[in-house]
Amino acid sequence: MSRTVLRYVRHTIRHAPDAEVTFEAFCTTSDCGAESGSQEAQQTAQDWCLRHAGRTGHDLFRRIVTDHARVTREE
């Protein structure tokens, strides 16, 4: 017979400040498919939305912010 010992260790998850954050925007108007591409600055993605809306009249966008997180074991 074998025995298993389980040990539960607490972990925390936090934003990793040494990793980049990226911003993207996508036009959600039917059959448009336009997107800003990955941007390092939030303002750049927002400016893309404003320019696209001005040129096309499209007014609904999906925005995605991507960051990185680091998990550390609590001692």
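Biologist: How many aromatic pairs does the structure hold?

Modeller: It holds 1 aromatic pair, where rings of Phe, Tyr and Trp (its six-membered ring) pair if their centres lie within 6.5 Å, with planes under 30 degrees apart called stacked, over 60 edge-to-face and the rest tilted. The partners are W48 and F61, which lie 5.9 Å apart centre to centre with 80 degrees between their planes, and the arrangement is therefore edge-to-face by that rule. W48 belongs to helix α1 and F61 to strand β3 (residues 61–66), so the pair ties together parts that are 13 residues apart in sequence; helices (H or I, at least four residues) and strands (E, at least two) are DSSP runs numbered from the N terminus. This is a predicted model, in which local features need pLDDT of at least 70 and side-chain atom pairs count only at pLDDT 80 or more, while totals for chains, interfaces and linings use all residues. Residues are numbered from 1 along each chain as its sequence is written, and side-chain values use heavy atoms, with hydrogens and water left out.

Biologist: Are W48 and F61 buried or exposed?

Modeller: Both W48 and F61 are buried, a word reserved for under 20% relative accessible area, with exposed meaning over 50% and partly exposed in between (1.4 Å probe, protein chains only). F61 is also among the residues touched by H52, and H52 lies in helix α1, which spans residues 42–56.

Biologist: What does H52 touch, and which side chain does it meet in a polar contact?

Modeller: Contact means heavy atoms within 4.5 Å, and, leaving out residues up to four places away in sequence, H52 touches C27, C32, A34, G57, H58 and F61. With H58 there is a side-chain polar contact of 3.2 Å; such a contact is a pair of N or O atoms within 3.5 Å, where within protein one must be able to donate a hydrogen and the other to accept it, and residues adjacent in sequence count only if both atoms are side-chain atoms. H52 has a relative accessible area of 5% and is therefore classed as buried.

Biologist: H52 touches two cysteines, C27 and C32; why do they form no bond with each other?

Modeller: A disulfide is a pair of cysteine sulfur atoms within 2.5 Å, whereas the sulfur of C32 is 3.7 Å from that of C27, its closest cysteine sulfur, and this is too far for a bond. The structure accordingly holds 0 disulfides. C27 is buried at 7% relative accessibility, while C32 is partly exposed at 27%.

Biologist: How many salt bridges does the rule give, and which residues take part?

Modeller: Side chains of opposite charge can pair when their charged atoms come close. A salt bridge is a side-chain nitrogen of Lys or Arg within 4 Å of a carboxyl oxygen of Asp or Glu, and the count here comes to 1. R70 and D18 form it, their closest N and O atoms being 3.1 Å apart. R70 lies in strand β4 (residues 69–73) and D18 in the loop between β1 (11–15) and β2, so the pair ties together parts that are 52 residues apart in sequence. R70 is partly exposed at 45% relative accessible area, and D18 is exposed at 63%.

Biologist: How should E24 be read, and how far away is the nearest side chain of opposite charge?

Modeller: Lys and Arg count as positive and Asp and Glu as negative, with His and the chain ends not counted. E24, in strand β2 (residues 22–27), is buried yet has no salt bridge, since the nearest oppositely charged side chain, R62, is 7.7 Å away. Apart from residues up to four places away in sequence, E24 touches S36, G37, S38, R62, R63 and I64. The C-alpha atom of E24 is 7.4 Å from that of E35, 11 residues apart along the chain.

Biologist: Where does E35 lie, and what is it in contact with?

Modeller: E35 is placed in the loop between β2 and α1, where it is partly exposed at 45% relative accessibility. Neighbours within four places in sequence aside, E35 is in contact with A25, F26 and W48, the last of which is a partner in the aromatic pair.

Biologist: Which feature of the backbone stands out at D31?

Modeller: Phi of D31 is near 60 degrees, a positive value in a residue other than glycine. D31 is found in the loop between β2 and α1 and is exposed, at 84% relative accessibility. The C-alpha atoms of D31 and T4, 27 residues apart along the chain, are separated by 56 Å, and T4 lies in the segment before β1.
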